[in-house]
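Biologist: Please take one part of this model and look at it closely. I would like short steps that a first-year student can follow.

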Amino acid sequence: MDIDFKEYQLSSELRGHEDDVRGICVCDNVGIATSSRDRTVRFWSLDPSDKRKYHSSKILLGHTSFVGPLAWISPNAEFPEGGLVSGGMDTMVLVWDLRSGEKVQTLQGHKLQVTGVTLDNEDIVSSSVDSTLKRWRKGKLVEFWEAHNAPIQTVIRIPSGEIVSGSSDTTIKLWKGKKCAQTFVGHTDTVRGLSVMPGVGIISASHDCTIRLWALTGQVLMEMVGHTAIVYSIDSHASGLIVSGSEDRFAKIWKDGVCVQSLEHPGCVWDAKFLENGDIVTACSDGVTRIWTVHSDKVADSLELEAYASELSQYKLSRKKVGGLKLYDLPGLEALQIPGTSAGQTKVVREGDNGVAYSWDMKEQRWDKLGEVVDGPDDGMNRPILDGIQYDYVFDVDIGDGEPTRKLPYNRSVNINVPSVNFAEVYNPYDAADKWLLKENLPFSYRQQIVEFILQNTGQKDFTLNTSFRDPYTGAIPAKPTFKHIPKEKKNLSMSELETSRVAAVVKILKDTSHYHCSSFADVDISLLLKLLKTWPPAMIFPVIDILRMTILHPDGASLLLKHVENQNDVLMEMIEKVSSNPTLPANLLTGIRAVTNLFKNSSWYSWLQKHRSEILDAFSSCYSSPNKNVQLSYSTLILNYAVLLIEKKDEEGQSHVLSAALEIAEEESMEVDSKYRALVAIGTLMLEGLVKKIALDFDVGNIARVAKASKETKIAEVGADIELLAKQS
């Protein structure tokens, strides 16, 4: 079919949000508003010096969790420069005066996430995961009703005055007042987005990967198929064009039911909207809003277009693997500037889109190229995988002290297949131990024990090698480290001899774990710890947090600490704020999370943990994306503990918050296996025993389960299958 259509090209990028851009609102010809997971709404005005570009003229702060739907209030007597309505995960609907940039109304009433907002003359109508529609007038709730038997995902007003809602129950409903005048049945999964199709009816986007055009009688006029994942958003233009945004990273443009162009993005496309002139605005999970145009005078210059093409290439490259290795994680050619340490030592580096193997020639003191890394015919068969890489062995290492089991990978030899070449490098177990201890942030006092463990469990006897430590990443021999934990140089912070002896006494009690049932602390000991926790600076506070972490595991220590906290001396919350404030120190952050997690071992702390749930989870919310895998694991352990506690407490709002956090972990591609596993267990537990199964389904948990089920990690695949079964039973 020949269709007259002019292709869209990138016009400009709107950068400023610090996380996913979730929603777009076209504000007549005044500007564009965007909402984000970073908890802000931004208003973008046309750049007077360059009509194709926008600049961020207002940042609206008020939501306490991620912001989604937006609606525009055209300029009037109350809002001379216009206003905005926003809905968030925090259950709030906020009304903003664009002239001042301040919030002028806070509409409270929904129990769960607000998913849609629309204007009905001067009223505001909102939809929510709590399955209700609410009507607000002059800042007051005037009516509400349970509109669907599952979470409502979206709500719009059509030109004839009716309200239309779409839901996770797969239906669309048309409302005249509180009366349902028509139910649209056809989609096989959640209805996620709705828009008016001028002169025809409405269009819908669904988790079933399709788009449907409906007459207002409920008749399906057309089905558009082309996306390969959830379709989140839909919009139409007076020209007859339709644009859709999807999890598959494409914004697709449709004409007469046919996809005429696909705009690729470096992430999920959460929303897509038309401007009046036909340009398209897209919201992406990479935190960037992009404008696309068919007008030649608005197309980005060649450098900007090349930069975007490079960004897409880098994004796809970051997900490519060669020979079981993640290409993006391989070092570049600069790694060959570091001399080898032994003849025949091999190194794999990234060259363009390929992994290339080199061997060290000791005589000539150079790296000789062997060829591209490829998978051998038996590569991957019966070999364990950790973090996407295959090893000869992956051991479970229990280091005690209440710590989680760690995964120790080891290759007795590394086989690299290159054209006409097959060679193996024997790994030095000391190097393997050193690299693992650095990665896991564990003390080098464990080194010899780890080496002996490797040799014993890999059948290597009479193994002798140079055991002097070299940094396994740089080859450098480090100077002996020095530690300055106690700030003696600052007289106002240093401890007296008496205080030092008291801390030593505390440590002695904590070391004697066999007598925890009968040993006890003096009240002054706890007071001293809290004083140090409060007064010492972040750079010095780590040992105090670590002692506190262990004190919490002691029955008497936990009891005395709670007494201080209940007496208006809640230094614990101050500690959480201190360790989580930017710039964070990984050791402080990690130990702080572990300390809070240890509180779950003592039921007397349950009320405190429930009371401060929102503050604690918000403080540590960025940990899921930490490059430190121990921080990831500790955070996911905290989330799992909260899931169990809040199920026991029947706290629906808390369960919803924890579910959202667990889903963030489960969706993170680079997440460490044990961290993802614990997050998935939390999700499954909340669905099976909690009060938020409907919300989980609303959050695309079925798709997360399918991805997990396909994992090569057995335990991830098993819990993914369980969650998928729970989702199907809904």
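Modeller: In this predicted model, start with Ile202, whose bridge partner in strand 20 is Trp214. Strand 20 covers residues 210–215. Strand 19 and strand 20 run antiparallel, joined by 5 bridges. The two strands form a hairpin, with 3 residues between them. Look in that turn for Cys209, which has a positive phi of about 75 degrees.

Now go to the other partner. Strand 18, residues 191–197, runs antiparallel to strand 19, and 6 bridges join the two. One of the pairs is Gly193 with Ala205, the latter in strand 19. Strand 18 and strand 19 also form a hairpin, again with 3 residues between them. Gly199 sits in this turn, with a positive phi of about 75 degrees.

So how buried is strand 19, residues 201–206? Here 6 of the 6 residues are buried, so strand 19 is largely enclosed by the rest of the structure. Buried here means under 20% relative accessible area. In a regular strand, side chains alternate between the two faces of the sheet.

Next, compare a sheet elsewhere in the chain. It is open, has 4 strands in the order 14-15-16-17, and pairs them antiparallel. Which strands stand at its edges? They are strand 14 (152–157) and strand 17 (179–184). Each has a single partner strand, so one side of each is left without a neighbour in the sheet. From one strand to the next, the twist averages 25 degrees. Strand 16, residues 172–176, is joined to strand 17 by 5 bridges, and these two run antiparallel. Find Lys173, and its bridge partner in strand 17 is Thr183.

Helices come next. Helix 6 (residues 542–553) packs against helix 7 (residues 555–566) at an angle of about 105 degrees, with the axes 5 Å apart. That makes helix 6 roughly perpendicular to helix 7. From helix 6, Leu548, Thr551, Ile552 and Leu553 meet Pro555, Gly557, Ala558 and Leu561 of helix 7. The residues of this contact divide into 6 nonpolar, 2 polar and no charged.

Last, the core. The largest nonpolar core has 89 residues, and Leu609 and Phe620 have the most contacts inside it. Helix 12 (residues 629–648) gives the largest share of this core, 9 residues. Beyond its neighbours within four places in sequence, Phe620 is in contact with residues including Ile576, Leu589, Tyr635 and Leu638. Another core lies apart, with 16 residues, among them Val260 and Leu263.

Technical notes
Residues are numbered from 1 along each chain as its sequence is written. This is a predicted model: local features need pLDDT of at least 70, side-chain atom pairs count only at pLDDT 80 or more; totals for chains, interfaces and linings use all residues. Side-chain values use heavy atoms; hydrogens and water are left out. A nonpolar core is a set of buried Ala, Val, Leu, Ile, Met, Phe, Trp, Tyr and Cys residues joined through side-chain atoms within 4.5 Å. Buried means under 20% relative accessible area, exposed over 50%, partly exposed in between (1.4 Å probe, protein chains only). Contact means heavy atoms within 4.5 Å. Two strands pair if DSSP finds at least two bridges between them. Axes are lines fitted to C-alpha atoms, for helices over the stretch in contact, and angles run from 0 to 180 degrees between N-to-C directions. Angles under 35 degrees count as roughly parallel, over 145 as roughly antiparallel, 65 to 115 as roughly perpendicular and the rest as oblique. Ala, Val, Leu, Ile, Met, Phe, Trp, Tyr, Cys and Pro count as nonpolar, Asp, Glu, Lys and Arg as charged, and the others, Gly among them, as polar.
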